[in-house]
There are 2 protein chains.
Amino acid sequence: MESFQLSELLLKKIADLILAKKNVTLIKLVQDIHFADLAEIINELSKEQGVYLIKLFDSEKTSEILTELDEDIREKILESLSIKEIADGIKELDSDDAADILAELSDERKEKVISEISDGNLADDLIELLSYEEDCAGGLMAKELVKANENWTVLRCLSEIKKQGENVTRVHSIYVVDNKEKLIGRLSLKDLIIAPSKNKIKDIYISNVDSVNVLEKGEDVAKIMSKYDLEAIPVIDDKKHLVGRITIDDIVDFIKDEAEEDYLLAAGIQGDVEADDSIFELTKARLPWLFLGLVGGLGSVFILEGFEEFMTNPNYKTLFFFTPLIAAMAGNVGVQSSAIIVQGLANDIVRGSLLQRLIKELGLSLINGIILSLFTMLFGIAINQPIELSFVISISMLCVIVVAALIGTSIPIILNKRGIDPAIATGPFITTSNDIFGIFLFFYIAKIFLL
Amino acid sequence: MESFQLSELLLKKIADLILAKKNVTLIKLVQDIHFADLAEIINELSKEQGVYLIKLFDSEKTSEILTELDEDIREKILESLSIKEIADGIKELDSDDAADILAELSDERKEKVISEISDGNLADDLIELLSYEEDCAGGLMAKELVKANENWTVLRCLSEIKKQGENVTRVHSIYVVDNKEKLIGRLSLKDLIIAPSKNKIKDIYISNVDSVNVLEKGEDVAKIMSKYDLEAIPVIDDKKHLVGRITIDDIVDFIKDEAEEDYLLAAGIQGDVEADDSIFELTKARLPWLFLGLVGGLGSVFILEGFEEFMTNPNYKTLFFFTPLIAAMAGNVGVQSSAIIVQGLANDIVRGSLLQRLIKELGLSLINGIILSLFTMLFGIAINQPIELSFVISISMLCVIVVAALIGTSIPIILNKRGIDPAIATGPFITTSNDIFGIFLFFYIAKIFLL
């Protein structure tokens, strides 16, 4: 398959056909395009064009396109669809995708759509799914799954699966339950095909089955599924009843979203935003961390004022020219140290005690610090700076680097121990605190040596 | 299932049993632990203990544990295993995992292990897999898959699958090939079960099948699989022959690794390292970016020297106390702007031209900048700074914020257009360049107003 590439030309063609209302030609042009690609196209069109295009498809394709659209575009398009159109689309979707779309509607429209759905089971499933938090197992799971009673024969199981399987896009495992609907094991389709047809399920199923509680955090579900290489995991309630199933494709999206949020958070951007969001949303995401930096910067104004006496000495005023260098080193070293710890904590690979970590970081920062300080010393000599001043600058910088590394290492570990997400303790947070601390330390050490 | 939690107690127990050589008790203790958890345990043990423990298991479990170990631990343990032990282990693995382990051996041991494998097909498969780059489709794929000839009947296909399926952990799709082994379509196990047994495969297969070329970059494979929610994708060569299959669990690992590398790169840590690597490796990963920061900082020394004249004026020397604030604002704003663009580029959601982007960023940075500048103005008034000085500081800072945002936005877009990975253009890179530029701009504007 050639990978689909969205071209300006195709977009122009589609927009022109919409303008000319040439539906037959338009349908011919787009009918073989995958729904995920159609969603990309609609993301680029105006709202009116998008609505026009989406209404050309049957409710199955419409609903699939809806699931793939950017959230803000989807919101706009849903507003332009009737209750019946939305309900028809939702019926075609897996229950988890259907619930996600419903969750974006206003309470009033949500209720109307649900009451428009004639299939009572589906409506109940959707109401159940909507009751869970978005980021927990219940919010990620779908109700569609294939289950077998332990007392069935292989033959009966095969014929039941033909029935159940019609609603399930991908079968993965067959979950085995007892007469009380409790999850007791699993069975792969392959095992079932290979088994003699008169065997009972209870003779062939595997009792060792991973599962997650319906309230488990999405992050932990992702960890379990990726650690054990699972492609689907059954979801149970507190009484161990089988209530749903999470498939790996939803977890892939979840992992990507989490990684993106962490990436932006480390850059001082809070919340689930992206480049195409509105200026208001982006300001809301960015201003708080900039404000933190501002407060820290104003704090360092006071600190520098405290060392004003250096300015009166023509030899020592040079120290003030080094403040950006010191702030940069403190910030960069701190961000490196904290980022690698935050990453390690997320992967549960930060072993040993805080003390052991600090000893390692001490060694690491001493090596980096000595190399960088020596270079700074050489720079000082090269520009004919008084040798004692160059020496003091280098020594102070070395201390700043070591302390910045230790701060960068400790803060995430301490936060993590207190149950606070350590991911906030990198980026602007560490940069700002290390800036202040680094500048103070630099001038303080210089003062000890020089004044 | 209770999620496994590695405890100090369990580790201690295992270490004691190893010391006492109480194999029977030890095996009883660990036999029901999942191999991914056993790998976690061995990661914590000493090399000798790890080797002792791993040798207690049969070659199937040994090999599965090996695939899950940390790379540096695995390397050590492989050194302690004989050629025969490694070969026995590798035979039990899927070919992609086997090739990954082989790739870590020295060329000499690699050849010995391969010639120890009696199954000629497997040996050929491994040699083929080893010939691909690690990060392309060929390096990610496994040779195990289930394929059906279009001319088979459903009945024959079912019986062939029983045979082929024994070597394939998860079947997913059945790939349909013509008589020349060219990939022409796919079939799900479910479709096969539901179809009448006398039908021919050519009557029931789906001709629309996604595939990737064996040389396709891993990153692009991940994009395709996650965009189209695929759980497995067939790999073809230039002649469209089916040569392998990539499953989503390998892609999950790939996505996580890539996200981690990007996260660390944004913090100025280059390459595939983690908190537990050696000090030498960590220094190699961290020093280059620190050095960049050092050079930038030394550059700003010269810039500040150029504005030395401010120091002689008692009213204006305060400006030097503001350098860390200005550097911090320039750096933080630049990192925010670049990070969100880098993220957007990675997801192909950066729409519109560079000019449109810059206009949006101009608006955004003006809003943020005006709020922050007003606050700085108020701060100046509160500490009884001359009002004209506060005004100049605020205006200069506003300019710095706007320019930093525009630089942060442009650089990744320009790099991306030139085919350079924009991910390098955030973190220390943007911080350093914006520090220098911000400080210069700040003093330059101040000079225009004040001197």
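Start by selecting V212 and V235 in chain B: V212(B) stands opposite V235(B), which belongs to β5(B). Keep in mind as you click around that this is a predicted model.

Now show the two strands around that pair. Strand β4 (residues 212-213) of chain B runs parallel to β5(B), and the pairing covers two bridges.

Next, select all of β5, residues 232-236 of chain B. Five of its five residues are buried, so the strand is largely enclosed by the rest of the structure. Turn on the side chains and look at where they go: A232(B), P234(B) and I236(B) point one way, while I233(B) and V235(B) point the other way. That fits a general pattern: in a regular strand, side chains alternate between the two faces of the sheet.

Add strand β6, residues 242-247 of chain B. β6(B) pairs with β5(B) too, here in the antiparallel sense, over five bridges. To spot one of the partners, pick I233(B) and look across to I246(B) in β6(B). Then follow the hairpin between these two strands: five residues link them, and K240(B) takes a positive phi near 70°.

Time to zoom out and show both chains. Chain B superposes on chain A after a rotation of 180° with 0.0 Å of shift along the axis, at an RMSD of 0.1 Å. That is the relation of a two-fold axis. Both copies use the same surface, as 100% of the contact residues of chain B recur in chain A.

Last stop: the contact itself, with 97 residues from chain B and 97 residues from chain A. On chain B's side, select helix α17 (residues 279-306), which gives the most, with 17 residues. Colour that whole side by type and you get 55 nonpolar, 22 polar and 20 charged residues.

Methods. Residues numbered from 1 in each chain as written. Chains lettered and ligands numbered in written order. Predicted model: local features only at pLDDT ≥ 70, side-chain atom pairs only at ≥ 80, totals over all residues. Least-squares fit on C-alpha atoms with pLDDT ≥ 70 in both. Contact = placed C-beta atoms within 7 Å. Helix = DSSP H or I, 4+ residues; strand = E, 2+ residues; numbered from the N terminus. Nonpolar A, V, L, I, M, F, W, Y, C, P; charged D, E, K, R; others polar. Buried ≥ 20, exposed ≤ 12 C-beta atoms within 10 Å, placed from the backbone. Pairing = 2+ DSSP bridges.
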